[in-house]
Amino acid sequence: MAESAGASSFFLLVVLLLAGSGGSGPRGIQALLCACTSCLQANYTCETDGACMVSIFNLDGMEHHVRTCIPKVELVPAGKPFYCLSSEDLRNTHCCYTDFCNKIDLRVPSGHLKEPERPSVWGPVELVGIIAGPVFLLFLIIIIVFLVINYHQRVYHNRQRLDMEDPSCEMCLSKDKTLQDLVYDLSTSGSGSGLPLFVQRTVARTIVLQEIIGKGRFGEVWRGRWRGGDVAVKIFSSREERSWFREAEIYQTVMLRHENILGFIAADNKDNGTWTQLWLVSDYHEHGSLFDYLNRYTVTIEGMIKLALSAASGLAHLHMEIVGTQGVHEEYQLPYYDLVPSDPSIEEMRKVVCDQKLRPNIPNWWQSYEALRVMGKMMRECWYANGAARLTALRIKKTLSQLSVQEDVKI
């Protein structure tokens, strides 16, 4: 303890001597202003070309603070000057290199010479820049997004306007022509595959939807109006694009148009700027689908023959090998209604028809009527598992034509 007190006394004497000479050196460009505990006449301030120093040590149980200037010539050895070294037992010393940097209580042992550093102080200009910068950037991003959206909307509306004002459509879309006239003129004068694509787009984009008349897994069916006539609009959801494309491609097959095939009018993808709708436009039938009709009305024998003959005629027109027909029941139910859900998937139908090889039931009482007996026999022959054994569409058409003559059915 005596040695520590002696060392402290010696160090205090050196520091005080140094503090007494700390004011040396003229105030110049490189001069540094420091706090000085022994510079009473100089308002406790000294100047130096070296460093400011603060030293904190205990002497006789009291904590002492010494602040002074160290000339540059006394900052030796270079890199770890003696006056800036700390001792764990005796003192806590720190050197710094900015004006009055030793005025605060710096209790961090340095142990080595630190590079000069200026205190970081935010002024009014810097604060304004920090606040205004992000705000300006945010407004800039909003403006850019608005301009991009506005540009896409203009492009979309201009495209619609150009489609409507396409001079190549002026003759075919003259106001005195109805939809039926348009379909007839352009279908009979071409390949029979429907309207040209540019006419389809123009027709689809001028249809006004009226009411929804059906809904399924693919999307919705609407009744629409175009130039005073009703049309059916099948709207696919965007995730059903493949189904829409496949169906549109089938309808636009060469020579597909026939009186016993649903009349195709147009296909178009309508972009309203937010999402895309996939449209198929066809003839409108007020009684709905065959399923809707059979649920609402009782089918007579004459009606049964008409339905079957029209279906067979349409199938025969498609190609010579397509087969198929539909039975009827007093209280109509879909085939396999008791085996699969009301909206079955392809996999569910494949298991029933292909794996289990089940066929719809034909009531025994059909044998009591010649027309129903012939119809039932023909249906069974269309259901053979072996495709080569099934009736051809042409054979079905001839059989139904003979049946219509026998039953005196006027087609």
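# Close-up views of a predicted model

**View 1. The disulfide of Cys34 and Cys52 lies between two buried cysteines.** Cys34 is buried, and Cys52 is buried as well. In this predicted model, the two residues are joined by a disulfide with an S to S distance of 1.8 Å, and the link is left-handed, with -80° about the S-S bond. Because Cys34 belongs to strand S1 (residues 32-35) and Cys52 to strand S3 (residues 51-59), the pair ties together parts that are 18 residues apart in sequence. A search of the whole structure finds five disulfides, and, with bonded cysteines counted along the chain, they follow the pattern 1-5, 2-3, 4-6, 7-8, 9-10.

**View 2. Cys46 and Cys69 form a disulfide between strands S2 and S4.** The sulfur atoms of Cys46 and Cys69 are 1.9 Å apart, and their link is right-handed, with 95° about the S-S bond. Cys46 lies in strand S2 (residues 45-48) and Cys69 in strand S4 (residues 62-70), so this disulfide ties together parts that are 23 residues apart in sequence. Cys46 has a relative accessible area of 1% and is therefore buried, and Cys69, with a relative accessible area of 0%, is buried too.

**View 3. Cys96 is joined to Cys101 by a disulfide.** The S to S distance of this link is 1.9 Å, and with 95° about the S-S bond the link of Cys96 and Cys101 is right-handed. Cys96 counts as buried because its relative accessibility is 9%, which falls under the 20% cut-off; Cys101, with a relative accessible area of 13%, is likewise buried.

**View 4. Asn102 is a buried residue of a loop.** Asn102 lies in the loop between strand S5 (91-96) and helix H2 (124-164), and its relative accessible area is 0%, so Asn102 is buried. A polar atom of the Asn102 side chain lies 3.0 Å from the backbone oxygen of Ala35. Leaving aside neighbours within four places in sequence, the residues in contact with Asn102 include Cys34, Cys52 and Cys96, and among the others are Ala35, Met53, Val54, Arg67 and Thr68.

**View 5. Strand S8 pairs with strands S7 and S10.** Strand S8 (residues 229-236) is mostly covered, with six of its eight residues buried. Strand S7 (residues 219-226) pairs with S8 in the antiparallel sense over eight bridges, and Gly219 has Phe236 in S8 as its bridge partner. The hairpin of S7 and S8 has two residues between the strands, and in this hairpin Arg227 takes a positive phi near 50°. S8 is also joined by six bridges to strand S10 (residues 276-283), the two strands running antiparallel, and here Lys234 stands opposite Leu280 in S10.

**View 6. The buried residues of helix H9 pack against two other helices, H7 and H10.** Helix H9 (residues 370-382) has 13 residues and reaches 18 Å from its first C-alpha to its last, close to the 18 Å expected at 1.5 Å a residue. Its buried residues include Ala371, Leu372, Val374, Met375 and Gly376, and also Met378, Met379, Glu381 and Cys382; Cys382 has a relative accessible area of 7%. The buried residues of H9 pack against helix H7 (301-318) and helix H10 (393-406). Cys354, by contrast with the buried Cys382, is partly exposed, with a relative accessible area of 45%.

Note on methods:
Residues numbered from 1 in each chain as written. Predicted model: local features only at pLDDT ≥ 70, side-chain atom pairs only at ≥ 80, totals over all residues. Heavy atoms only, no water. Buried < 20%, exposed > 50% of the residue type's maximum accessible area, 1.4 Å probe, protein only. Helix = DSSP H or I, 4+ residues; strand = E, 2+ residues; numbered from the N terminus. Pairing = 2+ DSSP bridges. Polar contact = N/O pair within 3.5 Å; in protein donor to acceptor, adjacent residues only side chain to side chain. Contact = heavy atoms within 4.5 Å. Expected span 1.5 Å × (residues − 1). Disulfide = S-S within 2.5 Å.
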